[in-house]
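The following exercises concern confidence, strand pairing and charged side-chain pairs. Each task is followed by a solution in steps.

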Amino acid sequence: RGEAGETGGEGGGGEGAAGGEGRPAYCAPHPLLFRRFLWFVTDGLPAKYSDHLFSAYDDHAIIYHVSVPGAKYSHAIYTSWLTGQLPTNYRGRPIEGDQLLASLHRSHHPTSLRYAGPEWSFLAVNGKENYDKFFSRIDINHESLDISFKHAYPWWFASKDTKKSFYWDYLPSLVHENASVIAHSA
């Protein structure tokens with residue numbers, strides 16, 4: 001495989017130039033690609049009220065504000081994010097067609113993918129039959145829907161001890177295992 005940033009040599013290259021393994025040069029890794037990622041999916045956090053939170057990451061993150069039209073039901077919103085289709089999955093049925101996690105799985109990216117969060121909503125719309133296919137490890141963290149939390153992702157950020165564990169144990173474990181994570185919290 002070509003190294004990140006290679007252009008395929010003179011004239012833009014042809015088959016196999018920077019893409020390697022018989023792939024065209026336009027398949028070469030791009031210098032802005034990441035080897036691992038942390039994707040925090042936070043339910044119930046309106047972007048228009050969260051600029052102060054997001055601004056802390058401006059210099060070292062890519063943040064996508066997603067505004068889904070229509071009723072704000074989590075199952076429908078997550079299905080829309082994952083499929084690019086209209087948000088109509090109000091019942092939270094497992095996604096049957098192509099979607100983002102299936103694409104990540106097909107890409108054979110050299111990282112494993114973990115999930116951390118409650119089972120309902122984001123994880124559930126992926127279909128229980130796909131859990132092992134998409135994720136190398138699933139950490140179910142229960143969140144009650146009938147009490148208020150002071151922090152999203154309370155299993156990581158609710159106290160000094162949980163924060164310390166996240167920074168000193170969890171993040172290094174991702175590096176050690178060459179893993180990425182999708183975390184969901186209400």
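Two strands pair if DSSP finds at least two bridges between them; strands (E, at least two residues) and helices (H or I, at least four) are DSSP runs numbered from the N terminus. The model is predicted, so local features need pLDDT of at least 70 and side-chain atom pairs count only at pLDDT 80 or more, while totals for chains, interfaces and linings use all residues. Residues are numbered from 1 along each chain as its sequence is written, and side-chain values use heavy atoms, with hydrogens and water left out.

**Exercise 1.** Determine the order of the strands in the sheet and describe the pairing of E2 with E3.

*Solution.* Step 1: the open sheet consists of four strands in the order E1-E4-E2-E3, with parallel pairing. Step 2: E1 (38–42) and E3 are the edge strands; each has a single partner strand, so one side of each lacks a neighbour in the sheet. Step 3: from one strand to the next, the twist averages 10 degrees (between N-to-C directions of axes fitted to C-alpha atoms, on a scale from 0 to 180 degrees). Step 4: four parallel bridges join E2 and E3, and Ala116 has Asp139 in E3 as its bridge partner.

**Exercise 2.** State where the confidence is lowest and where it is highest among the elements of the protein chain.

*Solution.* Step 1: pLDDT, the predictor's confidence in each residue from 0 to 100, averages 77 over the protein chain, and 72% of the residues score at least 70. Step 2: helix H1 (residues 51–55) has the lowest mean, 71, and strand E3 (residues 137–140) the highest, 93. Step 3: over residues 1–18 the pLDDT is below 50, and this stretch has 37 contacts (heavy atoms within 4.5 Å) beyond near neighbours in sequence.

**Exercise 3.** Which parts of the chain does the salt bridge between Arg114 and Glu177 tie together, and is Arg114 buried or exposed?

*Solution.* Step 1: a salt bridge requires a side-chain nitrogen of Lys or Arg within 4 Å of a carboxyl oxygen of Asp or Glu; the search of the whole structure finds four. Step 2: the closest N and O atoms of Arg114 and Glu177 are 2.8 Å apart. Step 3: Arg114 lies in strand E2 (residues 112–117) and Glu177 in the loop between helix H6 (160–176) and strand E4 (179–185), so the pair links parts 63 residues apart in sequence. Step 4: Arg114 is buried, at 0% relative accessible area, whereas Glu177 is partly exposed at 40% (buried is under 20%, exposed over 50%, partly exposed in between; 1.4 Å probe, protein chains only).
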